[in-house]
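Reader: Hey, I have a structure open and no clue where to begin. Could you walk me through it?
Author: Sure, let's look at it together.

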Number of protein chains: 2
Amino acid sequence: MKAITGSEHASEGGRAHRGGVGSVWLRPARAGRSGEAPLTRERIVGAAVALLDEEGFDRLTMRRLAERLGAGATTLYWHVTTKDDVVDLAVDAVFGETPVPGRHTDRPRDDIARLLHDWRRAVLRHPWSAGLPARRRPLLGPNFLTWMEFLQSALLRAGLPEDRLNAATWALYNHVMGATAAQSSLRLSPEEARAGQAYLDGRRDRYPTVAAHSYVTDDDWDGTFAAGLEYLLDGMGARRGPAAG
Amino acid sequence: MKAITGSEHASEGGRAHRGGVGSVWLRPARAGRSGEAPLTRERIVGAAVALLDEEGFDRLTMRRLAERLGAGATTLYWHVTTKDDVVDLAVDAVFGETPVPGRHTDRPRDDIARLLHDWRRAVLRHPWSAGLPARRRPLLGPNFLTWMEFLQSALLRAGLPEDRLNAATWALYNHVMGATAAQSSLRLSPEEARAGQAYLDGRRDRYPTVAAHSYVTDDDWDGTFAAGLEYLLDGMGARRGPAAG
DNA sequence: CGAGCAACTCGAACATTGGTCGAGTCGCCG
DNA sequence: CGGCGACTCGACCAATGTTCGAGTTGCTCG
């Protein structure tokens, strides 16, 4: 439940560099003098999330971020090697907002469903975190890993064969991400929706099924998400109760 | 099977403008003089797809695109109002590469599975088209709609209740998009994979399940995709054969 | 107390981007 | 020939991610 933002790494000396393997998590954070440094990774991430929430992904700018922190833009590069680092950090912070239970119940399917519903809610509070341009690195942040550990162990408890674990994990992950990305990017104004549906109506002969089923106007995102999740869990044969025997 | 790229709209007069509802498909293409104009929407899309394929999404630049067409950068804005237009057009072209059968068989589930496998292959040929930053407009291109029409009618034939059609459509769409986006963005080098797994191994006490199941090193994307698709279709109870009676 | 050094900050600058402005050119139709 | 609509484009703008190198700050050791 509590966001883990820091890291316990030792200092490195010298400016943060882009070299080596790359992912933020594989590199140390800055050491910190004895007193709190005016700028820290924590503060940067916090400001980044706030900025992203308030203004959206493409208004996240190193300069704007720095300004918000009362710092020069260049200063950020001491604590972070790249704008991508900031985004990685921010994404992990969203996972940090997802409540991950400390222990499993004896109804693994419910555990999974609850985890994913809660995660979805967190993502919807930070819509930029879905629909990000594809990232070249695997998620490795502490909050993500905590989340993932719970999900995967619940899947195994639900009876999923081990050799399907990755497939099931990806399917669920993609469902949540895709559904929330669609929901938060496709907020059409009434006119836009009307125009889109009119366009389809004008082509009803070519696309009768599509035109007849409110592809553009439907906005029952909760229902869409829940139904898809049921499909997946049903398809996986996720056990509803404790294992017999 | 054949890509529809053009449009049959009439001219509009004056420069293409950003105003109104916005989606490229709701606006006319340029008229064309009697002889083929040196630059056309078709040629632009073709060049854009080639550029995207060869250099990736963030090397798509209006200037680079224009250069490839032997034109000035500004000229593009006569045929297209925005870079986003180009991307919308390019995405629809990918759908145009997906073979969409002219008619259904009596095994709707197979129809669906084949369509999605074929679409996935097309997307993998154009990896940029998954993992695009979230687009603010619904897909409305002719190739997409053709694809969608087949998918949705197949779903109904498979026995899906009408009020689940959108949910099922989104779930399948998101699965393909998510799976291919993950696959094509997470092409880790051997060292990167090793470093990632080492990182996890070092935290085996905190994340035992994750560390034990090759989250970063697994690369059976075909299997992952196929399994997820089976989950979804099973969960939907998609009919394998013709409707009885 | 003071020298030295690591930790940190930052302004100026660079190349690159998406997009606009307004002045052109081209070729058909009268 | 004249005009007009279709099209092209060079110059320009504000903005971006990132680098360079020169500062400043404050702990640590003599």
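Reader: Okay, random start: in which hand does α5(A) pass α10(A), left-handed or right-handed?
Author: That crossing is right-handed. Keep in mind that this is a predicted model. The axes of α5(A), residues 108–125, and α10(A) come within 12 Å and cross at roughly 145°.

Reader: And which residues make the contact there?
Author: From α5(A) you have A:R109, A:I112, A:A113, A:L116 and A:R120. On the α10(A) side, A:F225, A:L229 and A:L233 take part. Sorted by class, that contact has six nonpolar residues, two charged ones and no polar ones.

Reader: Cool. Switching topic: what domains does chain A have?
Author: The domain assignment gives domain 1 as 24–95 and domain 2 as 102–236. Their centres, taken over C-alpha atoms, are separated by 28 Å.

Reader: How many residues of domain 1 are in contact with domain 2 in chain A?
Author: In chain A, 13 residues of domain 1 are in contact with 13 residues of domain 2. On the domain 1 side, the elements that give two or more residues are α1 (41–55) and α4 (83–96) of chain A.

Reader: Which of them gives the most?
Author: α4(A) does, with seven residues. That side of domain 1 divides into nine nonpolar, one polar and three charged residues.

Reader: Now the two chains. How does chain B lie on chain A?
Author: A turn of 180° with a shift of 0.0 Å along the axis lays chain B on chain A, and the RMSD is 0.0 Å. The two copies are thus related as by a two-fold rotation axis.

Reader: Why do you say the copies meet through the same surface?
Author: Because 100% of the interface residues of chain B are also interface residues in chain A.

Reader: How many residues are in contact between the chains?
Author: 56 residues of chain B are in contact with 56 residues of chain A. α6 (142–157), α7, α8 (190–201), α9 (208–212) and α10 (221–236) of chain B each supply at least two residues to chain B's side. α7(B) gives the most, with 13 residues.

Reader: What's the mix of classes on chain B's side?
Author: The side of chain B that touches chain A has 31 nonpolar, 15 polar and ten charged residues.

Reader: You mentioned α7(B). At what angle does the axis of α10(A) cross it?
Author: At roughly 65°, and the axes of α10(A), residues 221–236, and α7(B), residues 165–185, come within 9 Å. These two helices are therefore roughly perpendicular to each other, and α10(A) passes α7(B) in a right-handed crossing.

Reader: Which residues should I click on for that contact?
Author: On α10(A), pick A:G223, A:T224, A:A227, A:G228 and A:Y231. On α7(B), pick B:N166, B:A167, B:W170 and B:A171. By class, you'll find five nonpolar, four polar and no charged residues there.

Reader: Last one: how do α5(B) and α7(B) cross?
Author: Their axes come within 10 Å and cross at roughly 35°, and α5(B) passes α7(B) in a right-handed crossing. α5(B) brings B:L116, B:W119, B:R120, B:V123 and B:L124 to the contact, while α7(B) brings B:L172, B:V176, B:T180 and B:S184. The classes there are six nonpolar, two polar and one charged.

Notes:
Residues are numbered from 1 along each chain as its sequence is written. Chains are lettered from A and ligands numbered from 1 in the order in which they are written. This is a predicted model: local features need pLDDT of at least 70, side-chain atom pairs count only at pLDDT 80 or more; totals for chains, interfaces and linings use all residues. Copies are superposed by least squares on the C-alpha atoms of residues with pLDDT of at least 70 in both. Two residues are in contact if their C-beta atoms, placed from the backbone, lie within 7 Å. Axes are lines fitted to C-alpha atoms, for helices over the stretch in contact, and angles run from 0 to 180 degrees between N-to-C directions. Helices (H or I, at least four residues) and strands (E, at least two) are DSSP runs, numbered from the N terminus. Angles under 35 degrees count as roughly parallel, over 145 as roughly antiparallel, 65 to 115 as roughly perpendicular and the rest as oblique. A crossing is left-handed if the near helix is turned anticlockwise from the far one by less than a right angle, and right-handed if clockwise. Ala, Val, Leu, Ile, Met, Phe, Trp, Tyr, Cys and Pro count as nonpolar, Asp, Glu, Lys and Arg as charged, and the others, Gly among them, as polar. Domain bounds come from an automatic or database domain assignment.
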